[in-house]
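Here's a quick tour for anyone planning to work with these coordinates. Have a look at the model first, then read on.

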Amino acid sequence: KAAGNLPTGLSVLERREAIFGPIDKLIDAGETQDAADALTFVGVDGFRLVDTAAKTKYIATLLRAFTFEVHQKTVVEIFRAITTTSELKDVLAGLKSENVLDQLRSDMDDAFGSLLIAVGQAVGSKALTAAQARLIAS
């Protein structure tokens with residue numbers, strides 16, 4: 001994925017700009033589908049280069065585009081790049097303010113289970129009980 005294909009010796013800021021600069025321009029130009037498609041080439045290491053606001057923006061972009069399996073997997077990759085409970089809460093609050101939080105469940109049909117696992121691993125949560133899993137699935 002994109003973070004691994006850059007020349008060595010670049011600073012974090014230079015890597016972030018090389019990966020996300022063109023994507024940010026697409027988003028700013030209203031080219032949502034093209035931006036979402038470009039995001040699918042970035043992996044978890046790339047998403048670790050960006051802050052919470054950027055993660056929120058990229059998830060919102062993916063959810064606003066036509067969401068296919070590759071886009072769903074990219075949403076999971078972004079959530080895998082979240083490392084703290086407070087960051088998770090900030091991303092979820094941002095998605096709510098962007099009016100796409102409900103789409104997170106509805107658009108993630110094929111990858112919702114992977115999303116839950118990624119979030120749990122990212123914040124060090126214990127496994128769900130059977131009752132909790134049934135509650136989420138309903």
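What follows covers confidence, one helix in some detail, and a serine elsewhere in the chain.

## How far to trust it

Keep in mind that this is a predicted model. Mean pLDDT for the protein comes out at 87, with 87% of its residues at 70 or more. Confidence peaks in α2, at a mean of 98, and bottoms out in helix α9 (residues 130-137), where the mean is 65.

## Helix α1: length and kink

Helix α1 takes in residues 12-28, which is 17 residues. At 1.5 Å a residue they should span 24 Å, and the end C-alpha atoms sit 22 Å apart, so the two figures agree.

That said, α1 isn't free of bends: there's a kink of about 45 degrees at Phe20, shortly before the proline Pro22. After the helix comes Gly30, with a positive phi near 80 degrees.

## What α1 packs against

Phe20, where the kink lies, is also one of the buried residues of α1. The others are Arg16, Ile19, Gly21, Ile23, Asp24 and Ile27. As for what covers them, the list includes α2 (32-39), α3 (44-47) and α4 (52-64). Among these covering helices, α2 is also where the model's confidence is highest.

## Ser97 in helix α6

Over in helix α6 (residues 85-97) you'll find Ser97. Is Ser97 buried or exposed? It's exposed, because its relative accessible area is 56% and the cut-off for exposed is over 50%.

The Ser97 side chain still has a polar partner: one of its polar atoms lies 2.9 Å from the backbone oxygen of Gly94.

Notes:
Residues numbered from 1 in each chain as written. Heavy atoms only, no water. Helix = DSSP H or I, 4+ residues; strand = E, 2+ residues; numbered from the N terminus. Expected span 1.5 Å × (residues − 1). Bend = angle between axes of the 7 residues up to and from the residue. Buried < 20%, exposed > 50% of the residue type's maximum accessible area, 1.4 Å probe, protein only. Contact = heavy atoms within 4.5 Å. Polar contact = N/O pair within 3.5 Å; in protein donor to acceptor, adjacent residues only side chain to side chain. pLDDT = per-residue confidence, 0-100.
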